[in-house]
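Me: Could you walk me through this protein, one question at a time?

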Amino acid sequence: MSTIKLIGPFRQLLPMTRLPLKGPISDDQLIILEDAGILVEKGKIKSVGRFDTLKADHTNAELHELKGDHTCLPGFVDSHTHICFGGSRSNDYAMRNGGKTYLEIAKAGGGIWDTVTQTRKATEAELVKKTIKRAKQHLKNGTTTIEVKSGYGLSVVEELKMLRAIKMADGQLPVDLIPTCLAAHMLPKDFMGNEVEYLEYIANELFPILKEEDLTNRIDAFIEESAFTKSQITSYFQKAKSLGFDITVHADQFSTGGSKVAVEFGAISADHLEASTQTEINLLANSDVISTALPGASLGLGCNFTPARKILDAGGALAIASDHNPGSAPMGDLLTQAAVLGSFEKLSNSEVLAGITFRAAAALKLQDRGQLSEGFLADFILFHTDDYKEILYNQGSFKPCVVFKNGEIVFDKHK
Ligand code: NIG
Ligand code: FE
């Protein structure tokens, strides 16, 4: 017989259920359960309700009774990161803040290509180690699902090394890593050919191996003047779709165009959107594409935030992710970034929390997480407070005290 566990009581539990996928959410719409408990069986939620009632009804359950005030939320979902990389770009950061331009930084050996060089130098085992270390830090901060992109390999061999490292790291961690192939990050400087030839080479030689080795079912591309244009990416995305891959796009970061490609290809998400105007915002809002804000990139680059308020007001679905990467978003603290975005963009508590829970899960097409109700994964996090509003009010400096993944404690501040 399998063990049933009862965890609680929680002064407040936010199940994040019965909230819309798209558009604004007011805090009045939040369901707040008081003195609640969660019944867990085989890593999944069997029931959520009043702790005392669950206790009386399930006398066979193993009890995890908590003392003191706790508020319980779904584990966070970070739907966009690049945490598999070698080296550091602290030089880029110092130069950028010292007033150097993108071109000057690239000429001095910085930019994405610097990380490609450092990542290529690392062995697969070294990348596994680095990815695990970063993922553990995210897990400690309450993130129980992390998307991780390749894109610093930029050849068949090197992209495979990255994706195999991500898969290996996933197997060694309680947190779920969701891999994405970002071979279309930039034209590698050592490729003998143009953008179209590079993309053909990747599609022909890498895509079949991704399937064979089950390394990812997601294909991403950076659509930007400095990376790939709409016309260059079209046949690449067509091939990806014909093989059954899901599409996601780095869109409208510095110039517009990517969001239109995302909508036309039925991408799961369009991420960045700092440069989106009302035209792109409406286009996304009228589609099924999830719009993902990456406030960590705005903070890292010192530029404007994604127009999150306008996206929601237009009826869009807004996810918020960390974009944790060595170049534009080195901080990698999702809760801090989401709270700051909320403050600058005037997002309600529920809109921010939705953006890092069930709306972020939708950005990864995952229907089994981001909410706390029967049948969902028992991924939840506890904060030492009797009022959930304290969490965003502290702008990320207030961290979870306990993290549960699949019903097991994977981080406990007191231990
Ligand atoms: O999401 N925009 C393109 N790619 C990354 C940055 C990668 C890097 O600078 O290393 C991003 O911000
Ligand atoms: Fe990114």
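Here is a short run of questions and replies about the fold, the charges and a few residues.

Me: What kind of model is this, and how are residues and chains labelled?
Reply: Residues count from 1 along each chain as its sequence is written, chains are lettered from A and ligands numbered from 1 in the order written, and side-chain values use heavy atoms, with hydrogens and water left out. Local features need pLDDT of at least 70 and side-chain atom pairs count only at pLDDT 80 or more, while totals for chains, interfaces and linings use all residues, since this is a predicted model.

Me: How many helices and strands does the protein have?
Reply: Both kinds are DSSP runs numbered from the N terminus, helices being H or I with at least four residues and strands E with at least two. On that basis the protein has 17 helices and 16 strands.

Me: What radius of gyration does the protein have, against the globule rule?
Reply: The radius is taken over C-alpha atoms, and the rule is 2.2 Å times the number of residues to the power 0.38. For 415 residues that puts a compact globule near 22 Å, so the protein agrees with the rule at 21 Å.

Me: What share of the residues counts as buried?
Reply: Buried means under 20% relative accessible area, exposed is over 50%, and partly exposed is in between (1.4 Å probe, protein chains only). Out of 415 residues, the buried share is 59%.

Me: What share of the contacts in the protein with a separation of 6 or more comes from residues 24 or more positions apart?
Reply: A contact here is heavy atoms within 4.5 Å. Among contacts with a separation of 6 or more, the share from residues 24 or more positions apart is 72%.

Me: How many salt bridges are there?
Reply: The rule wants a side-chain nitrogen of Lys or Arg within 4 Å of a carboxyl oxygen of Asp or Glu. Counting that way gives 24.

Me: Which residue does Glu 408 pair with in a salt bridge?
Reply: The closest N and O atoms of this pair are 3.4 Å apart. Glu 408 sits in strand 16 (residues 408-412) and its partner in strand 1 (residues 4-13), 403 residues away along the chain. Glu 408 is partly exposed at 46% relative accessible area, whereas the partner counts as buried at 12%. That partner is Lys 5.

Me: How far apart in sequence are the parts that Lys 399 and Asp 333 tie together?
Reply: These two form a salt bridge, with 2.6 Å between the closest N and O atoms. Lys 399 lies in the loop between helix 17 (389-393) and strand 15 (402-405), and Asp 333 in the loop between strand 13 (318-320) and helix 14 (334-345), so the bridge joins parts separated by 66 residues.

Me: Is Phe 222 buried or exposed?
Reply: Phe 222 is in strand 9 (residues 218-222). Beyond its neighbours within four places in sequence, Phe 222 is in contact with residues including Leu 182, Phe 228 and Phe 254. Its relative accessibility is 7%, so Phe 222 counts as buried.

Me: Which residues does Ala 361 touch, not counting those up to four places away in sequence?
Reply: Ala 361 belongs to helix 16 (residues 358-362). At 1% relative accessibility, Ala 361 counts as buried. With residues up to four places away left out, Ala 361 touches Val 77, Leu 366 and Arg 369.
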